[in-house]
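Me: I'd like to practise reading a model residue by residue. Can you walk me through it?

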Amino acid sequence: MKKCLLFVIVLVSFQSLVVGQTFATTISSESEVDVSSNAIDGDLGTSADVRASTGILAGIGAYSGHLELEFSTPLNPNTTSYVKLDTEQDLLPYLLGGSLGSLLSDIGGVVLIGNQEFTVTAKNNDANILEESSSAVNAFSSDLLRVVADVNNDYFLAIAPNGQYNRLRLTNQIGSLIGLNNTRTLEVYGAFHSQGLSTCGVPAYTSFSGSGLTLDLLDVGGAGVTDPHLAIDSNFGTFSRLGLGILGVAASIEQTVYFDTPSGTGDNYYLTIAIDPSLLQAGIVNNIEVVAQSGSSAPTFIGNLSSLLSVDLLTLLESGQPATIGFDPGGAADRVTIRLSSLLNISLDQNIQLFEVYRAPAIPSIDPTSQDISICEGNTANLVATTTAGNELLWYDAETNGNLLDTVNSGEAFTTPILNTDTTYYVSARGLACPEESPRVAVTVNVVEIPTASDIDVSGDENPVCSSSDVVLVPSSAIDGDFSWYFDANATNEITDGLVVGPVTYTISLDGNLTINGLDQAGSPYSYYVGITEESAGCENAPGDLASATVDIVDSASSITITSNPLITLENLVDFFLGVPTYEVTGTVAGDAAVGDEVTLVINGQIYTGVLDANLDFNISVDGADLALDVDGVIDAFVSGTICTLTDIISVDIPELIIDDLVQVFCASDSPTLLDLVVNTNDISFFDSLDATTALDINTPLVDGTVYFAGILGIPISVLPRVGISVNLTDLPIPTTISLDQTFCADLNATIGDISVNQPNVVFYAEATGGTPLDVNTVLTDGESYYVALLDTEGCESTVRLRINITLADTEPITLSGQAEDACLEDQYTYSTETGKQNYMWTVIGGAIINGGTSSDDFVTVSWNSLQNTSVSVRYEDSMGCVPVGDTRLDVEVVDCGDVMGEEFCFEVYNEFSPNNDGFNDFFEIECIENYANTVQVFNRNGNKVFESVNYQNNWGGIANVGGILNKGEHLPSGTYYYVINIPELNRNLAGWLQLAR
């Protein structure tokens, strides 16, 4: 019997431990306070009352009260201190909801603003470190300041400023909406911080919060947290309820449970919850998140509930019962949050019941020696479990409640009472001097009955045996174990294999068959005794309770030899159990036998007889099933003559199921089934275990790593054991590529073989599944998708094909811009073409290349040195490697500009403009530029051209008209740019900077 590892809910009565608490002991300031000393007496049952009043008339008699408590030594930043308090208006239950506080107060009919209010101030002497008011929205929803409740549903302010502090000031005041002549009291019981002396796992406080919720959802939708303190009351019969109602929007609700100290090594947190089975079917476990963390630090554990559930725990929840779920927080953590997020599009009330949250050691580990343990009846068992250092183990006799049987250290054995029936014990772990226990682990002790004489049958002593023949005693039992033979009933004188006593030799086979040679009639009858040692617990027959065999020996000088070789095939076995069971055992007897002697065959305890014919042959019809089921595979044969019964044995070989290939490999992409398994025998069925009673459907898909058991249905597995066939499915990874969208030049007639894939051995298809492979020379079609699978040397393909989308791009014409008319002799001009191309090829006739013009340049700067046959041309490859047909040539008219004398010029470049459409200075202006033919170019700081114009007319508003760095038509960002202005008529080039400001 297998050991049960089911978690069980442990009903432990938690007791509050005395925790080191340091109280504020000094009142540093007070106003309008009754019995202020009650706030520093260390007794949380007494309170000081801080009063506030609206006065009797406007501005007359109104006052607010305060009480400032001081610790004897300053508290470090992020140290949490607690103030127990209460208000007349019951504000605190609403503030317990953190970010939901203002919404909850509206539902309760309490208007925080304008009614009783209080302010919390953390101070370092006179300096304010933290201050919040109850009237502020979400003021109590962070780790700096929060309202929490304890097990008694008393309320505390949990204050953790991020600076050093030694004083806490509580101010009570009344808002403007309450009428005149009213007073309100704020009860302050005391302020303290914990010294963290308790390492046990009793929860201290709880709070809740939510997101995505509205007033309507909280009011009528059933959302919120009900009775949060019942999740920390150490009572597994009560619970808090986290609800979202029936939602159609994304929202969440959460409850946080706080502990006095962080978890230690080996600690686990445990949640006991219950969930409506209908919500389980809807998949809500994936929407329940568990978070563990220490203070406001990053979480040490985040996981959804589905990852924490075992099959046993899920079964409990599905039956509507609570289940205790444990997890390792993965580091020091002093709080656990359970968050329920909404399931959309379901009409179910979404809620969970949180019975308890506590901390305890991880569940004990059961020592291998105590797993699957079996003992003989009337004995005890030693059960061993282990836990982490500093813990102890508690052994019980029940899943829940029950009796505590023993408390032991880790690795120390628990000794059970004397057992006579199967018994299950349960072990949990707890910290020393702590009350919280881990869930209990079940350990079952299997109790085995001691074999008796009636459990053993012996054959071979039914008839007298001639002294010339061997005596073969064959024991059998329904108990699995090993046989032992003795000369006496009390098992004091054992017969061992090969023992020789005088003329008698004893031989014992591996199956326990006792063969005796050399017995005579003088000592007859002979008695022998056999017991069995059970294999699981080693139980054996008690002395005096052994099975016996009595052998009669008749002296004779006669002897026989029987020659018989029954040949049993798999086809015979099928006939024995599924068809015609009759089988003819034939043989020949030699020696002291005569015609007409009776031949007796003992097969599987059944007697079959025949007679010897004239040739001393026999032919006896037997039940083939007996042949197959005979435990020792030996036929005991007896020939009855006139002197005595002569014996011999006939060996029967039962065939085995032979499978040549016990590890079979298939391509996962072929979707193989059981029908594809290779066996060399007919009538084969497949099973999912060695002893399964139902065969698998022959069309069952094969699963990688699974062992399938081949056998013949109807033939007992004791006769024909099944053979396991391990299946390995070769599932290649999906191919990869540098791009899922690939573009080719339309005029290059690209083919399947041109598609870029990172792996060399692939095959292409036109479909995502199925289909036939495409020839690599298949011409690609624009807009089509092709599917590629990885291929190995065995012909296996990846089951998932990679989709590659194909675009065939037409070649774009080449453009070339620059000064084509009135270019001055010996002056420099820049000509440009499309950017981002490859292998530029520039050709200049009648001029010298001054700059650019290489294979990587999209421009060339030329100084013209001829007045005739002057041109510039370019060609290139685009990014896809497409080469436009032919060059693009620009014929340039070159003139001898000479000197211009005696003429006044008004050129002035205004090098700052702000193109913001305010009607002022929106364009780049060059005075007098419109009077001359010109070329204007603008470059950014990196030398990239962003604007170019021929015969510029003072109309550029900072928009790019050259592609490359920006797309054409995009607004240039503010910054410094550089211009180059060419005036061919005047043989002038102007260059400088300009500032663009938006």
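**Reading one residue at a time**

Reply: Sure. This is a predicted model. Let's start in a loop: Ile-284 sits between helix 4 (277-281) and strand 18 (288-293).

Me: Is Ile-284 buried or exposed?

Reply: The general idea is to check relative accessible area, where buried means under 20% and exposed means over 50%. Ile-284 has a relative accessible area of 0%, so Ile-284 counts as buried.

Me: Which residues does Ile-284 touch?

Reply: Skip the residues up to four places away in sequence, and you're left with Ile-275, Leu-279, Leu-340 and Leu-343.

Me: How far is Ile-284 from Asp-747 in space?

Reply: Go C-alpha to C-alpha: the two are 57 Å apart, with a sequence separation of 463 residues.

Me: Now the surface. Which residues make a nonpolar patch?

Reply: Leu-662, Val-663 and Val-665 make one of about 250 Å². Take Val-665, which belongs to strand 50 (residues 663-667).

Me: Why is Val-665 called exposed?

Reply: Same reading as before, at the other end of the scale. The relative accessible area of Val-665 is 52%, and the cut-off for exposed is over 50%, so Val-665 qualifies.

Me: What about confidence?

Reply: Look at the chain, then at the stretches with low values. The mean pLDDT of the chain is 88, and 93% of its residues reach 70 or more. Over residues 1-19 pLDDT stays under 50, and the model has 57 contacts beyond four places in sequence for them. Residues 898-904 also stay under 50, with 5 such contacts.

Technical notes:
Residues are numbered from 1 along each chain as its sequence is written. This is a predicted model: local features need pLDDT of at least 70, side-chain atom pairs count only at pLDDT 80 or more; totals for chains, interfaces and linings use all residues. Side-chain values use heavy atoms; hydrogens and water are left out. pLDDT is the predictor's confidence in each residue, from 0 to 100. Contact means heavy atoms within 4.5 Å. Helices (H or I, at least four residues) and strands (E, at least two) are DSSP runs, numbered from the N terminus. Buried means under 20% relative accessible area, exposed over 50%, partly exposed in between (1.4 Å probe, protein chains only). Patches are made of residues with over 30% relative accessible area and no salt bridge: like charges are joined within 9 Å, nonpolar side chains (Val, Leu, Ile, Met, Phe, Trp, Tyr) within 5 Å. Accessible areas come from the Shrake-Rupley method with a 1.4 Å probe; for residues, only the protein chains shown count as cover. A salt bridge is a side-chain nitrogen of Lys or Arg within 4 Å of a carboxyl oxygen of Asp or Glu.
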